[in-house]
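Me: I have a structure open here and would like to talk through its cysteines and helices. Could you start with the term we need for the cysteine part?

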Amino acid sequence: MTAPRKDDYWFPAKSFGWGWGLPRRWQGWAVLAVYAISVVVVLLRFPPQRDPAAFFGCLSLATALLIATCALKGEPARWRWHR
């Protein structure tokens, strides 16, 4: 199995630090849009002042799924000090 080309990654690695930057491909933008919509839905369905446990639980799940998708479809994560 060959390594994916750099432009095949949905999420590029950040130039400095650890993690991923803004999406490079439409699939990444779709994932980011779904995440943003899920945050709004969680906020409307479970307001943090009324149901903080459900709010933080659902928000944590959505964020974990976003991070997992970035890890699977993004450039390999590592600490970067320079380009």
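Reply: A disulfide is taken here as a pair of cysteine sulfur atoms within 2.5 Å. Please keep in mind that this is a predicted model.

Me: OK, how many disulfides does the structure hold?

Reply: The count of disulfides in the structure is zero.

Me: Why is there no bond at Cys58?

Reply: The closest cysteine sulfur to that of Cys58 belongs to Cys70, and because the two are 20 Å apart, they are too far from each other for a bond. Cys70, for its part, is likewise in no disulfide, since its nearest cysteine sulfur is the one in Cys58, 20 Å away.

Me: And is Cys70 buried or exposed?

Reply: Cys70 has a relative accessibility of 8%, so it counts as buried, whereas Cys58, at 28% relative accessibility, counts as partly exposed.

Me: What does Cys70 touch, leaving out residues up to four places away in sequence?

Reply: With those neighbours set aside, Cys70 touches Phe11 and Trp20. Cys70 also belongs to the largest nonpolar core, a set of five residues that it makes up together with Trp10, Phe11, Trp20 and Leu66.

Me: Switching to helix 2, which of its residues are buried?

Reply: Buried in helix 2 are Ala54, Phe55, Leu59, Ala62, Leu66 and Cys70. Looking down the axis of helix 2, one finds these buried residues within an arc of 140°, so they line one face of the helix. On the other side of helix 2, the exposed residues are Ala53, Leu61, Leu65 and Leu72.

Me: What covers that buried side of helix 2?

Reply: The cover over the buried residues of helix 2 includes helix 1, and the buried residues of helix 1 in turn pack against helix 2, which runs over 52-73.

Me: Which residues of helix 1 are buried, then?

Reply: In helix 1 the buried residues are Gln27, Gly28 and Val42. Seen down the axis of helix 1, its buried residues fall within an arc of 105°, so they too line one face of their helix. Trp26, Ile37 and Leu44 are exposed on the other side of helix 1.

Me: Last topic, what about the span of helix 1?

Reply: Helix 1 covers residues 26-45, and because its 20 residues should span 28 Å at 1.5 Å a residue, the 28 Å between its end C-alpha atoms agrees with that expectation. Helix 2, with 22 residues, reaches 31 Å from its first C-alpha to its last, which is close to the 32 Å expected at 1.5 Å a residue.

Conventions: Residues are numbered from 1 along each chain as its sequence is written. This is a predicted model: local features need pLDDT of at least 70, side-chain atom pairs count only at pLDDT 80 or more; totals for chains, interfaces and linings use all residues. Side-chain values use heavy atoms; hydrogens and water are left out. Helices (H or I, at least four residues) and strands (E, at least two) are DSSP runs, numbered from the N terminus. The expected span of a helix is 1.5 Å times one less than its number of residues. Buried means under 20% relative accessible area, exposed over 50%, partly exposed in between (1.4 Å probe, protein chains only). The arc is that of the directions from the helix axis to the C-beta atoms. Contact means heavy atoms within 4.5 Å. A nonpolar core is a set of buried Ala, Val, Leu, Ile, Met, Phe, Trp, Tyr and Cys residues joined through side-chain atoms within 4.5 Å.
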